[in-house]
Amino acid sequence: MSQTNASNQKYFLPRAGLEPLVRILRQRGYTVLAPTRRDEIISLAPVESADQIARGVHDHQDGGRYRLTQADPEIMFEYVLGADSPKRYLFPPELPLVELRVRGNRFVPTSQPPAIAQYAFLGIRACELAAIKVQDRVFGHAGQDTLCADAAEYYRRTRRQALVIAVNCTRPGGTCFCASMGTGPAATEGFDLSLTELRDGFLLTVGSQAGAALCAELEIRAPTSTEEGLAEMKLAAARSHMQRHLDTRGLKERLEQTIDDPNWERVAARCLSCGNCTMVCPTCFCFTVSDSSGLTDGVYGRTRRWESCFSHQFSYVAGSGPVRSTIAARYRHWLRHKLCTWWDQFGVSGCVGCGRCITWCPVGIDLTEEASRLGRHVPGAGVVPIPKAGGTKEALP
Amino acid sequence: MLAKRPIPKVPPKSRLAVFKFSSCDGCQLSLLNLEEHLLELVDAVEVAYFLEARRRELPPPYDVGLVEGSISTPHEAQRIRQVRRDCRYLVAIGACASSGGIQALRNWADIGEFVGAVYPNPQYIRTLDTATPIAAHVFVDFELRGCPVNHAQLLELVSALLVGRRPNVPTSSLCLECKRRGLPCVLVTHGQPCLGPAVQAGCGALCPACNRGCYGCFGPMEQPNLNSLGDRFLELGASHRQIKHLLRMFNAYQEPFKQASDHHERLEQQK
């Protein structure tokens, strides 16, 4: 994906034009990944036709709660994110790294490098593009070499071949706060094409040369000024309907002073340390590498799996045992990494405001609420209530 | 994981023994259900004592002893001591061996009443007041959880011992396995009480994959927060009684489940 000649040219793609788009992508060898309805969730999965893309549903998200309801069957993208993000495909939950066999008295590698699929992400959102940009830094796609190179190779190769057709959010979810994080609801960069859904079709924006080349094969026309205006209006409305907010002014500096904040213990009483937030976070990149050996076949393997800083044993250090032994210590590590020390490590925020950690937390712990509480403690004054901008829904005890 | 001492390297063709205590035999059957891997297993080790599988009994000592079941009779309490002496490396397999099992529900009741109600001649019954895990009686080197144990973990255990490495058996939450598989969370999407966030991984999220909540057959994970999870279940409309029953199943006598179920029982009775 090249950003250099992004033309930002706008077109109108009629609703019926989505099917040819999927067909063309598949003809070009792409595995098209799009939001599909799986049981009671929206899940990013391979599709063979535009019919398989979820449509006619609304999602209702809140802390620890996710429900789908029927909506206008003509409208496709009036839901936001499920638990899955492109992370599942760029940084798979489980990836065999190497296979070795014993030949004589030495180990011989017998594995082929994993096959790299050519992915076209269709219908992913602005916050997810921001999250990909964050993981690009983590896994060194953007040139920086910040993490173990071998483990990052799969990411870099998959990423290089991926095509992104984004969808702008016209109906934000209940836990979204991308407007606060400056990542949405409209995609501004990092896409080949972007779509804003209108009644009869989509306002299409070209974001790269690859996107422009794709446009040449689509049945598109110039948009009317009404269509452009309507798209703008929908996005402005989405921005103002965002239900959660996080005041990011001075946030990093404030969180730097929170090592001893009494609120960590407070949230740890609720936190299950189950790791769901880290699994669904589109920027979390913790993994573990473990070795296996067959019973008799002499085959030895090494596999990478998603892990979580909420696992007690994950912080195990030889000689001293786990270094983060309480739930409070683990929650503190996670939240401060996301919103504070990520800046020091990667030069960006580790949070993109997608709200997944809020929705998929079994007990509904709200990151925006916790972050706005932290660092405001005055010794002797008890716990300070959250300021209005913190999007609080729950009274403090 | 109980082992604090180094993992011993078991020499090739080491001798494996499988023992049964108070249990349903399901964990032993899991060994027999390894299918194609069963042949590999008997190639890799000598099955010296496994009455469920073969009549031949080779005398001790054994390199690895797998113990199924809990200790619930005076005779078992004696026998486990001998088993410990006979095995270099002792592994408790399954919920009964690692927590006391479903029969540990007697630990809350009067065993005399049960015996009187069930047996026509109760005077012949020799039983203990409690059913307890193997580790309550002898030192256990390692535990595999589950009702029954998971095939992959059984193979991992034996494979690891054969090459002298620590078995890769995570102690983190079931949610990690569930999310790696990309399953819809039954708690968040249906409001269904699911013990997953407090239960040790290992089964591969079998129940959530069938759209039902985890009932905790792998027992509590490392540092579970059952207070908070219990509060959430109450918010979702569960009663103290339902929560108590959810916790008092296969691993009722594991300390965190025991404490939490006692807590909900007290609150149930206060009502």
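**Entry 1: where the chains meet.** I began with the contacts and counted 46 residues of chain A touching 37 residues of chain B. I note here that the model is predicted.

**Entry 2: buried area.** The size of an interface is often given as the accessible area lost when the parts come together, so I looked that up next. Between chain A and chain B, about 3300 Å² is buried. Carbon and sulfur atoms give 54% of that area.

**Entry 3: polar links.** I searched for salt bridges between chain A and chain B and found zero. Polar contacts gave another result: 22 residue pairs join chain A and chain B this way, both residues at pLDDT 80 or more.

**Entry 4: chain A's side.** I then asked which elements of chain A give two or more residues to the side that touches chain B. My list reads β5 (65–70), α10 (276–280), β12 (287–293), β13 (299–306) and α11 (327–346). The largest share comes from β12(A), with four residues. I sorted this side of chain A by class and got 18 nonpolar, 17 polar and 11 charged residues.

**Entry 5: empty space inside.** I searched the whole structure and noted 11 cavities of 30 Å³ or more. The largest cavity holds about 140 Å³ of space.

**Entry 6: the lining.** What lines the largest cavity? I counted 16 residues, and nearest the centre lie A:Cys277, A:Tyr331, A:Cys357, A:Cys361 and A:Ile365. Two or more lining residues come from each of α10 and α11 of chain A. I had met both helices in the list for the side touching chain B. By class, the lining has 12 nonpolar residues, three polar and one charged.

Technical notes
Residues numbered from 1 in each chain as written. Chains lettered and ligands numbered in written order. Predicted model: local features only at pLDDT ≥ 70, side-chain atom pairs only at ≥ 80, totals over all residues. Heavy atoms only, no water. Contact = heavy atoms within 4.5 Å. Buried area = accessible area lost by both parts, 1.4 Å probe. Salt bridge = Lys/Arg side-chain N within 4 Å of Asp/Glu carboxyl O. Polar contact = N/O pair within 3.5 Å; in protein donor to acceptor, adjacent residues only side chain to side chain. Nonpolar A, V, L, I, M, F, W, Y, C, P; charged D, E, K, R; others polar. 1 Å grid on protein atoms, 1.4 Å probe; cavity = no way out; pocket = protein on both sides within 12 Å on 5 of 7 lines; lining within 4 Å. Points joined across faces, edges and corners; volume = space filled by probe spheres on them.
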